Amino acid sequence: MELHELDNILKTVESESDSVRPKTLIKGISCNSKDIQEGFLFIAIKGYQQDGHRFISKAIENGACGVIGEKKITDLSVPYFQVDNSRNALSTISNHFYNFPTNGKIVIGVTGTNGKTSTSYLLRQVLEGNGFSCALFGSNKNIINGKSYPTVNTTPNLLEINRLLAGSKDDVVVIEVSSHALTQYRVEGIYFDYALFTNLSQDHLDYHGSMEEYFLAKKKLFEMLKDEGKAIINTDDLWGEQLARQLEDENIPTLAIGENEKSDVKLASYTTNPPSLLLKENNENISIRPSLYGLHNMYNIAMAYGTAKQIGVDTKGAISAIQHFQGIEGRFALTKLSNGATLVVDYAHTPHALINCLNTVRENSEGKIIHIFGFRGDRDPGKRRDMVSISSEMSDRYILTFDDLNSVSPEEMNNTLISYQERYGNDKGVVITDRTLAIEEAVKMAEMGDWIVITGKGHEKYQQDYHYPVTNDEEAAIYLTKAKD
């Protein structure tokens, strides 16, 4: 792609591009000035902590052949293109630069508060087990051509998606689509064959402001369906039911998942320990014996099953793949500890997810439940009261501790934990700010048959240094149990 093409691609507000040479080849694109090399195009994005316009000079110094931004800027030594929205421009340009790499692939977007990762991995397992090669973009990692790549955000921007897909031979692309990604144009320019809605509960209200705005952000995914695209929705969720009604009014085809008799894929019954699931589809009973626990995971299975059937996977093949699925790192990950207790590490960080996690433990435990969790700094404080109340009611003992502090000081977070414990907790709970010491205390409490449940971080590594030399929750629990032995 050449620099002079940008005027037509972007339909710019104003272009200081008289000096553009017809044969100025764009060799790469970045919105990070540190990554700019000779012949790269720099896109200045105003973020929430940094404004990329401040780094234009550095980008030019590093070899930028042109710059795109939102502010009116003149007298640069390279052509400058002013646009209304730099994030949108990044998506538009990356599609052209990488020659629209999602074209010709089946593209599936999965959104919702909880269950995006489990549903995405289940769906990938079913597709891969039935003859489809499947790329995946998610909060744990990105997988392209069977190779894994690290991820920073739940949903990368389209530049990163396109860069990775440029050499993809995969038939299908599954993308976990967050509400932030939808409002920040990270997937703008992708058209989806299938859009999945798992559920909606309180989260990210520090960003969206209200549940209504949060819902509208999620709904944007369904506005990006292809003309022949289809929505797969958990209609047992109140927001999902509302979404299904709205899409019906807009003549968008919908596959309903739920316990309701009108559901296209009905959850007819579910048992625990060992788990089993009976689905009903077109008056046919589909019996599945998954290795996953919890009613919430039965919904994830039903979503993945229903989607795979739409793509062309047969019932027998879908059942077999689901039954071979062994779970995901950091999502209700079970470990039997040497003291006879069971460890659960889970990513649950919303009130609804906590209820699902602790309910599932209670269904499978005859011993005590010892729960460890905290709050992320700078993140939705409106859900903290409910999280403490839920844990104080559903666990036998709980420990409030540090999660990622982000920009919040240890002193401030310590005061926050104490305040919530005093106002909304009970005598089952204590505050131990060092996460590894909190886990050590849980290990000391635990006896044969008890369950230690650590939520909030899942597979993620610690951001802070703690007392013991460990990097994540599972490693900490195993290390401290062995130390106790």
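Mentor: Let's start with a yardstick: a residue is buried when its relative accessible area is under 20%, exposed when it is over 50%, and partly exposed in between, with a 1.4 Å probe and protein chains only. The model is predicted, so local features need pLDDT of at least 70 and side-chain atom pairs count only at pLDDT 80 or more, while totals for chains, interfaces and linings use all residues. Residues are numbered from 1 along each chain as its sequence is written, and side-chain values use heavy atoms, with hydrogens and water left out.

Trainee: Why is Asp378 called partly exposed?

Mentor: Its relative accessibility is 42%, a value that falls between the limits of 20% and 50%, so partly exposed is the right label. You will find Asp378 in the loop between β19 (369-373) and α13 (384-394); helices here are DSSP runs of H or I with at least four residues, strands are runs of E with at least two, and both are numbered from the N terminus.

Trainee: What makes the backbone of Asp378 worth a look?

Mentor: Its phi is positive, about 70 degrees, although Asp378 is not a glycine. Most residues other than glycine have a negative phi, and most peptide bonds are trans. Asn145 also has a positive phi, near 55 degrees. Asn145 lies in the loop between β8 (142-144) and β9 (147-149) and is partly exposed at 40%.

Trainee: Which residues does a cis peptide bond join?

Mentor: Asn273 and Pro274, where omega is about 0 degrees. Pro274 belongs to the loop between β14 (265-271) and β15 (276-281).

Trainee: How many disulfides does a search of the whole structure find?

Mentor: Zero. To count, a pair of cysteine sulfur atoms would have to be within 2.5 Å. As for individual cysteines, Cys134 has a relative accessibility of 0% and is therefore buried, and Cys357, at 1%, is buried too.

Trainee: Why does Thr455 count as buried, and what does it touch?

Mentor: Thr455 is at 1% relative accessibility, so it counts as buried. This threonine sits in strand β22 (residues 451-455). Contact means heavy atoms within 4.5 Å, and beyond four places in sequence Thr455 touches Asp346, Ala348, Leu354, Cys357, His371, Ile372, Phe373 and Arg435.

Trainee: What makes a group of residues a nonpolar core?

Mentor: Its members are buried Ala, Val, Leu, Ile, Met, Phe, Trp, Tyr and Cys residues joined through side-chain atoms within 4.5 Å. In soluble globular proteins, nonpolar side chains tend to be buried together. The largest core here has 48 residues, and Ile372, Phe375, Val388, Ile439 and Ile452 have the most contacts inside it. A second, separate core has 41 residues, including Val265, Leu267, Ala302 and Ile311.

Trainee: What is Phe375 in contact with, leaving aside its neighbours within four places in sequence?

Mentor: Among its partners are Arg384, Met387, Val388, Leu400, Met413 and Tyr420. Arg384, Met387 and Val388 are also among the buried residues of α13. The buried residues of that helix pack against α12 (351-364), β19, β20 (397-400) and α14 (410-424).

Trainee: Is Ser320 buried or partly exposed?

Mentor: Partly exposed, because its relative accessible area is 34%. Ser320 is in helix α11 (residues 315-323), whose buried residues are Thr315, Gly317, Ala318, Ile319, Ala321 and Ile322. The cover over those buried residues includes α4 (116-128), β15, β16 (284-288) and α10 (295-311).

Trainee: Why is Leu221 put in the class it has?

Mentor: Its relative accessibility is 0%, so Leu221 counts as buried, even though its place is in the loop between α8 (211-219) and β12 (225-234). Among the residues that Leu221 touches are Val110, Val177, Leu182 and Phe192.

Trainee: What makes a space a pocket rather than a cavity?

Mentor: On a 1 Å grid over the protein atoms alone, a cavity is a set of points where a 1.4 Å probe fits but cannot get out, whereas a pocket is an open set with protein on both sides within 12 Å along at least five of seven lines; lining residues have an atom within 4 Å of a point. Grid points are joined across faces, edges and corners, and the volume is the space filled by probe spheres set on the points. By that reckoning, the second largest pocket holds about 340 Å³. It is lined by 14 residues, and Thr235, Ala244, Glu248, Ala256 and Lys262 are the closest to its centre.
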